[in-house]
Amino acid sequence: MNYTKEQVLNALKHVQEPDLKQDLVTLNMIEDIHVQGNKISFTVILTTPACPLQAMIEKDCRNAIREYVSPEAEVEVKMTARVTTRNANMFPNIKNIIIVSSGKGGVGKSTVASNLALALYKKGAKVGLLDADIYGPSIPMMFGVMGARPDVKTENGKHRMLPIEKHGIKLLSIGFFATPGQAIPWRGPMVSSAVKQLFNDADWGELDYLVVDFPPGTGDIHITVAQGFPVAGAVLVTTPQNVALADAAKGAGMFRMDAINIPILGVVENMSWFSPAELPDNKYYIFGKGGGKALAEQFDVPLLGEIPLVKAVSDAGDTGSPLVLDDSHPVSGAFLELAERVAQQVAISNSGINEPVVN
Ligand SMILES: Nc1ncnc2c1ncn2[C@@H]1O[C@H](COP(=O)(O)OP(=O)(O)OP(=O)(O)O)[C@@H](O)[C@H]1O
């Protein structure tokens with residue numbers, strides 16, 4: 001039996017991209033159709049290599065060919081990704097800027113930002129991590145590059161910083177420009193200009209995602225970045241305690257203000273429960289339960305993940321090798337799932353469909 005490309009395309013028009021709510025052909029997600037005798041092959045171009053729906057889309061494609069072309073066809077579905085962007089003009093080389101933010105300090109924002117960046121990289125994306133937490137830059141320690149000094153290259157008479165590369169990620173931190181342990185008495189305008197330089201005067205190369213670790217709370221940096229750069233969205237990190245949730249709600253409110261207006265991609269609840277190393281299946285809800293979910297519901301955004309409080313997360317951060325790099329640790333999977341959900345929300349936001357997916 002000889003099938004035709006038209007038959008394949010017609011069949012794939014029956015496959016919906018579940019998030020974008022249109023079929024794969026209309027969304028231009030099908031390329032490279034080859035038909036030879038009984039064999040059919042084609043490539044599906046996903047919106048992110050971290051797509052959590054990859055397996056489902058592949059299965060739906062196979063079923064559609066079976067149903068609308070022939071049950072006998074031998075089908076090869078290749079999956080690849082072209083990360084979408086909304087800001088092609090302003091920052092053509094940085095497709096998506098993702099802010100990681102928290103209402104109060106110490107809730108694990110830098111831990112989440114580091115593991116999120118690495119998880120996106122592990123999924124196949126090109127990733128940078130910008131530590132804009134001027135009051136406590138902790139990314140250099142979490143990546144084991146304390147004291148590193150970025151090289152500077154000169155291009156057309158302009159100086160450009162070269163991010164430090166570690167574990168596959170391009171890193172810049174305000175901490176690279178300070179003596180470790182020394183507090184810098186920043187004032188508003190200095191803060192804004194330092195952060196702008198980290199964006200503008202760096203040679204980031206091509207990035208699918210630039211994860212930005214913000215200082216806690218609300219302030220000058222938030223306004224500078226929101227007004228000066230095309231941000232894809234913000235991830236809010238909170239712990240389950242009421243006091244953290246109240247501050248997180250203030251932070252969420254800030255992103256929704258007219259002057260800022262950054263989409264909230266969702267909430268990450270960190271330190272959701274404690275699991276001792278010797279009893280990893282036991283969960284102790286020492287800070288309360290369900291707070292992250294309640295915050296997500298309050299702002300009508302998805303709960304992107306719940307990360308347990310385990311000593312290994314903290315040890316990994318202290319030794320320069322964030323936990324997601326350890327495939328054998330169960331919490332590594334929680335960070336990978338978080339990255340999938342974040343990438344999914346960015347793709348939905350880029351598509352212009354405004355309703356977030358609540359999993
Ligand atoms: N899930 C977790 N399990 C165990 N320890 C954690 C977890 N998340 C964060 N920590 C630890 O808690 C401390 C604070 O985390 P982190 O520096 O990421 O917080 P932060 O919100 O960025 O803080 P800051 O406000 O100082 O920027 C660190 O020692 C970190 O290793």
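Student: What makes α7 and α8 neighbours: which residues of the two helices meet?

Tutor: In this predicted model, L245, A248, A249 and A252 of α7 meet G291, L295, Q298 and F299 of α8. The contact of α7 with α8 has 6 nonpolar, 2 polar and no charged residues.

Student: Why does G291 not add to the nonpolar count?

Tutor: Because Gly is counted among the polar residues.

Student: Why are α7 and α8 called roughly parallel to each other?

Tutor: The axes of α7 (residues 242–256) and α8 (residues 291–299) come within 11 Å and cross at roughly 30°. Angles under 35 degrees count as roughly parallel, so α7 and α8 earn that description. Their crossing is right-handed.

Student: And what makes α3 and α10 roughly perpendicular?

Tutor: Here the axes come within 8 Å and cross at roughly 80°. The range from 65 to 115 degrees counts as roughly perpendicular, and therefore α3 and α10 fit that word. On the α3 side the contact is made by N115, L116, A119, L120 and K122, and on the α10 side by F335, L336, L338, A339, V342 and A343. By class, the residues of this contact of α3 with α10 are 9 nonpolar, 1 polar and 1 charged.

Student: Let's turn to the sheets. How do you know which are the edge strands in the sheet with the order β3-β4-β5?

Tutor: It is an open sheet of 3 strands with mixed pairing. β3 (30–36) and β5 (74–81) each pair on one side only, and they are the edge strands. The twist averages 10° from one strand to the next.

Student: How do you know that β3 and β4 count as paired?

Tutor: Pairing needs at least two bridges, and 5 bridges join β3 to β4 (residues 39–46). These two strands run antiparallel, and E31 stands opposite T43 in β4.

Student: What word fits the angle of α1 to β3?

Tutor: α1 (residues 5–12) lies across β3 and β4, at about 135° to β3. That value is neither in the range 65 to 115 nor over 145, so the word is oblique. α2 (residues 54–68) lies across β4 and β5, at about 150° to β5; over 145 degrees counts as roughly antiparallel, so that word applies to α2 and β5.

Student: Which strands make up the sheet of 8 strands, and in what order?

Tutor: The order is β10-β11-β7-β12-β6-β13-β14-β15, in an open sheet with mixed pairing. Its edge strands are β10 (164–166) and β15, each pairing on one side only. The twist from one strand to the next averages 25°.

Student: How do you know that β6 and β12 pair?

Tutor: β6 (residues 94–102) and β12 (residues 207–213) share 6 bridges in the parallel sense, against the two that are needed. I98 has V211 in β12 as its bridge partner.

Student: What makes α8 roughly antiparallel to β14?

Tutor: α8 lies across β13 (231–238), β14 and β15, and runs at about 165° to β14. That is over 145 degrees, so roughly antiparallel is the right term.

Student: Finally, the ligand: which residues come nearest?

Tutor: Of the 20 residues around the ligand, those are G105, G108, S110, T111 and S314. α3 (109–122), β14 (264–274), β15 (303–309) and α9 (311–318) each supply at least two residues of the shell. By class, the shell has 7 nonpolar, 11 polar and 2 charged residues.

Conventions. Residues are numbered from 1 along each chain as its sequence is written. This is a predicted model: local features need pLDDT of at least 70, side-chain atom pairs count only at pLDDT 80 or more; totals for chains, interfaces and linings use all residues. A residue is near a molecule or strand if its C-beta atom, placed from the backbone, lies within 6 Å of it. Helices (H or I, at least four residues) and strands (E, at least two) are DSSP runs, numbered from the N terminus. Axes are lines fitted to C-alpha atoms, for helices over the stretch in contact, and angles run from 0 to 180 degrees between N-to-C directions. A crossing is left-handed if the near helix is turned anticlockwise from the far one by less than a right angle, and right-handed if clockwise. Two residues are in contact if their C-beta atoms, placed from the backbone, lie within 7 Å.
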